Amino acid sequence: MKRALAIMVGAALILLLATLTLVVMPYLQMSAEQVPPDLKPYTEQQQRGRQVYIANGCVYCHSQQPRDPSFAPGDKARGWGRPSVPGDYAYDEPHLLGTMRTGPDLFNIGARQPSIDWQLMHLYNPRAIIKGSIMPSYPFLFRHVDEPVEGDKVVNIPPPYGPESGKIVATEDALALAEYMLALDHTYPAPTLPTLPPKTDEPKENRAP
Amino acid sequence: MTPTIAILLIITFVLSTVGLLLLIWTIANNQFSHGQAAARTIFSPGEEGHSEDRARPADEPFTGDTSEQAQAIEARWTADQSSRTAVLTWLSSSVFWLLLGSFFGLASSIKMHLPEFLTASEFLTFGRIRPVHLNAVTYGWASMAGIGVALFLIPRLFKTSLVGGKYAVIGGFIWNIGLILGLSAITLGLSDGEEWLEFPWQVDLLFVVGGAMCAAPLLLTAANRNVEHLYVTSWYLMAALVWFPILFLIANLPFAFPGASGATVNWWFAHNVLGLWVTPIGIGIAYYMIPKILGRPIISYQLSLIGFWSLALFYSQVGIHHLIGGPIPTWLVTLSIVHSVMMSIPVITVAINHHGTMMGNFGRLKDSPTLRFVWIGALMYTVASLQGSMEALRSINVITHFTHYTVAHAHLGMYAFLSFILFGAVYFIMPRLTNWEWPWRKLISLHFWLVSIGILIYVVSLTVAGWKQGVALLDAAMPFMDIVKMTLPALQARTLGGALMTLGHLVFAFHFIAMLMRQGAATEQPTLFRPAIKENAQ
Ligand code: HEM
Ligand code: HEM
């Protein structure tokens with residue numbers, strides 16, 4: 001029994017050591033990191049949209065972490081923005097960094113596509129806007145009504161993607177999600193980024209999806 | 001010298017010191033000097049040289065030449081029977097989750113090239129069925145089958161009956177309830193939002209309890225053991241069962257880790273599920289099955305111990321290679337890359353042992369289903385791991401990180417390595433628990449070919465397409481939509497490969513149920529790929 005116990009205790013100790021280096025130390029270092037002054041906390045609606053993003057698993061296809069251009073040149077050149085820093089995520093809980101780019105990075109989607117109508121139309125059916133997109137449509141975030149009533153957010157879907165008759169109206173969830181998309185705008189300068197070139201504005205010319 | 005580099009140096013120093021101390025301790029305690037004697041503990045007296053699978057037509061079952069040897073065989077049969085209920089609970093559940101997970105995987109795959117497939121319902125949107133797939137196959141299939149096999153091996157390894165098997169049965173029920181609740185939560189949109197940690201933390205407690213209830217019989221049985229040496233398989237199994245509850249508990253501490261540090265905890269956990277949970281189980285099983293079926297001990301027991309401790313030291317620190325280029329301190333990424341490369345040490349030692357023991361015996365792959373599945377699994381462990389070490393290098397990772405290449409690697413590891421070994425183990429275990437042979441040889445063959453061809457298509461197509469996708473993503477001159485179009489054929493090929501794998505799983509599950517219901521003719525001979533003893537011998 002002594003030896004069996006020793007193996008198990010040894011195994012546990014090694015894991016605790018790893019926890020120290022990979023969990024505790026990064027936590028201490030990163031929680032001391034400066035929060036960029038221009039970063040705004042999420043509004044209640046944006047936070048709700050973030051929850052819709054989580055519930056529907058957008059993170060499995062989209063990252064939110066442009067890499068340093070000196071390391072991965074494509075990221076910035078595609079208009080995805082400057083490299084992100086820990087402070088950018090100060091209000092993110094849980095984090096949504098993502099590990100796939102089946103779709104493009106969304107760290108600055110709010111700056112690239114600032115129109116809420118674009119966002120809603122794209123959610124209703126991505127192919128209505130981008131030919132050949134493989135992103136799923138989210139019809140369940142919308143209602144199909146004969147006559148929109150006062151206060152309804154009508155989304156005009158170009159044929160043939162819309163319904164034959166009646167109107168498509170965004171639900172609260174769809175609106176919240178679209179607002180969250182618009183909130184994803186990190187074009188402000190990051191104070192902790194040493195490699196950032198002198199304060200020029202982010203180039204916005206490259207508005208690939 | 002910047003403070004971060006200083007920190008890095010201190011860590012590396014502490015690590016190597018601890019590693020060294022451990023090594024000195026093991027040597028001082030004679031762990032190494034038993035050497036090959038320990039490698040032989042898995043054989044009952046006189047059994048060495050006889051295959052437990054009787055893979056060769058000429059092999060007679062070994063029943064013992066003396067009464068003492070016969071008694072040892074008898075005792076092993078008793079040990080096997082002692083774990084029966086517990087093992088069957090975990091294995092049957094795992095087969096169910098494998099089927100469920102396969103259908104969700106296949107549906108996810110189809111959705112990636114047919115984006116209008118099943119979009120009407122929020123419960124079936126890609127972003128929900130994909131995590132259901134991952135969690136069902138990881139915590140349902142791989143973990144439950146792994147625990148089931150571990151419960152079978154523990155009494156054998158300790159040469160005694162399983163003590164406290166009923167805790168494991170109860171643990172199995174709790175685990176299943178956890179899966180049902182967790183997967184339903186994801187479907188209803190109540191995910192916690194981090195990959196590999198989607199289950200709401202309240203549900204996660206069930207897994208900690210269920211897992212701990214399996215550790216209980218392990219400890220009780222270890223206390224009762226009748227062997228002097230602890231065979232290397234028991235090292236891996238014991239460590240895995242210690243690691244998992246700790247990992248799962250820390251990573252799920254609700255709301256403890258916000259923002260970017262949450263990402264480090266997330267990936268520290270996710271890779272530890274792979275490295276410190278499913279991998280030790282997989283390697284441990286191969287360390288048992290290969291020598292047992294060949295009837296010869298592993299070639300170097302010393303190496304196997306070095307492999308074990310170096311796996312523990314290095315694998316526990318690799319998690320951050322999932323965040324290369326991400327918004328986290330550079331020293332942290334570097335630390336994980338260094339350890340990822342160092343992982344080649346345990347990988348190569350394990351490879352020498354597994355494949356070295358096979359040397360000269362490859363002919364038996366033609367007969368023994370267990371050996372064929374397990375050895376191919378072991379080989380794919382070597383391949384996936386060496387690939388992983390490369391993939392962790394900055395220069396490679398910058399290309400592969402966000403692409404389908406990673407998904408191919410994931411299935412090479414979780415499927416071609418782990419699932420193959422689990423399949424092989426199930427083929428070995430079931431006849432010994434039910435005292436019934438597998439009814440249809442052809443079905444085993446069919447299962448093998450379906451899943452082998454399926455995973456081959458899966459991995460090759462996504463590896464090639466993922467690499468091209470990664471190269472193209474770095475070049476902003478290539479429009480994003482062109483890259484999407486470029487990957488479409490591979491995504492379709494994945495659906496084909498995945499459909500073959502799913503079919504294979506249906507065959508496997510059917511055969512498993514038939515086995516439980518004792519279908520087919522009663523026979524004394526093991527069901528092997530080729531007609532065994534009588535039909536061949538004359
Ligand atoms: C020496 C051994 C290994 C190393 C160094 C290694 C390294 C890596 C790296 C660098 C990634 C890519 C991370 C990214 O770019 O996002 C990765 C992903 C992955 N690996 Fe390994 N790997 C190893 C062995 C294995 C084994 C044996 C398995 C299976 C049991 C495995 C399963 C996975 C999975 C499932 C992923 C995908 C995780 C995700 O994105 O959800 N790896 N590995
Ligand atoms: C039956 C056939 C299978 C099919 C068709 C399939 C398909 C898929 C698909 C489509 C994804 C999502 C990839 C993405 O998000 O880009 C995925 C992810 C994954 N699957 Fe499977 N799968 C199958 C079997 C399995 C099995 C049996 C296992 C484990 C034992 C497994 C483990 C995983 C893992 C770990 C991931 C996450 C990969 C990552 O994040 O990089 N799969 N699978």
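The expected span of a helix is 1.5 Å times one less than its number of residues. In this predicted model, that rule can be tried on helix α17 of chain B, which covers residues 480–516. Its 37 residues should span 54 Å, and its end C-alpha atoms are 52 Å apart, so the two values agree. The helix has a kink all the same: a bend of about 35 degrees lies at B:Leu488, shortly before the proline B:Pro489. Just after α17(B), B:Arg518 takes a positive phi of about 55 degrees.

Helix α17 of chain B also leads to ligand 2, as it is among the elements that each supply at least two residues of the shell around that ligand. The others are α4 (84–113), α5 and α15 of chain B. Ligand 2 lies between chains A and B. The shell around ligand 2 holds 27 residues, and the closest are B:Arg130, B:His133, B:His411, B:Tyr415 and B:Tyr458. By kind, the shell divides into 14 nonpolar, 10 polar and 3 charged residues.

Ligand 2 contains an iron atom, which is coordinated by the NE2 atoms of B:His133 and B:His411, at 2.0 Å. These two residues link distant parts of the chain: B:His133 sits in helix α5 (residues 126–158) of chain B and B:His411 in helix α15 of chain B, 278 residues apart. The iron atom of ligand 2 has 6 donor atoms around it, and the angles they subtend run from 85 to 179 degrees, which makes the arrangement octahedral. For six donors, that label applies if opposite donors are over 155 degrees apart and all others between 65 and 115.

Side-chain atoms also approach other atoms of ligand 2. A polar side-chain atom of B:Arg130 lies 2.5 Å from an oxygen atom of the ligand. In the side chain of B:His133, an N or O atom is 2.8 Å from a nitrogen atom of ligand 2, and for B:His411 the corresponding distance to a nitrogen atom of the ligand is 2.7 Å.

Helix α15 of chain B takes part in the surroundings of ligand 1 as well. The shell around ligand 1 consists of 26 residues, the closest being B:Trp196, B:Tyr315, B:Asn397, B:His401 and B:His409. An oxygen atom of ligand 1 lies 2.9 Å from a polar side-chain atom of B:Trp196, and an oxygen atom of the ligand is 2.7 Å from an N or O atom in the side chain of B:His401. In the side chain of B:His409, an N or O atom is 2.9 Å from a nitrogen atom of ligand 1. The elements giving two or more residues to this shell are α9 (259–294), α13 (369–391) and α15 (404–434) of chain B. The largest share, 6 residues, comes from α15(B). Of the residues in the shell around ligand 1, 11 are nonpolar, 13 polar and 2 charged.

The iron atom of ligand 1 has a single donor from the protein, the NE2 atom of B:His409, 2.1 Å away. B:His409 lies in helix α15 of chain B.

Some backbone details remain. In chain A, the peptide bond from A:Glu93 to A:Pro94 is cis, with omega near 0 degrees, and A:Pro94 is in the loop between α3 (73–77) and α4 (109–112). A cis peptide bond also joins A:Pro159 and A:Pro160, with omega about 5 degrees. A:Pro160 is found in the loop between β2 (154–155) and β3 (167–170) of chain A. In chain B, B:Leu118 is not a glycine but has a positive phi of about 55 degrees; its place is in the loop between α4 and α5 of chain B.

Key. Residues are numbered from 1 along each chain as its sequence is written. Chains are lettered from A and ligands numbered from 1 in the order in which they are written. This is a predicted model: local features need pLDDT of at least 70, side-chain atom pairs count only at pLDDT 80 or more; totals for chains, interfaces and linings use all residues. Side-chain values use heavy atoms; hydrogens and water are left out. A residue is near a molecule or strand if one of its heavy atoms lies within 4 Å of it. A polar contact is a pair of N or O atoms within 3.5 Å; within protein, one must be able to donate a hydrogen and the other to accept it, and residues adjacent in sequence count only if both atoms are side-chain atoms. Helices (H or I, at least four residues) and strands (E, at least two) are DSSP runs, numbered from the N terminus. Ala, Val, Leu, Ile, Met, Phe, Trp, Tyr, Cys and Pro count as nonpolar, Asp, Glu, Lys and Arg as charged, and the others, Gly among them, as polar. Donors are N, O and S atoms within 2.8 Å of the metal (3.2 Å for Na, K and Ca); water is not among the atoms, so sites may look incomplete. The bend at a residue is the angle between axes fitted to the seven residues ending there and the seven starting there. Four donors count as tetrahedral if all angles lie between 85 and 135 degrees; four count as square planar and six as octahedral if opposite donors are over 155 degrees apart and all others between 65 and 115; anything else is irregular.
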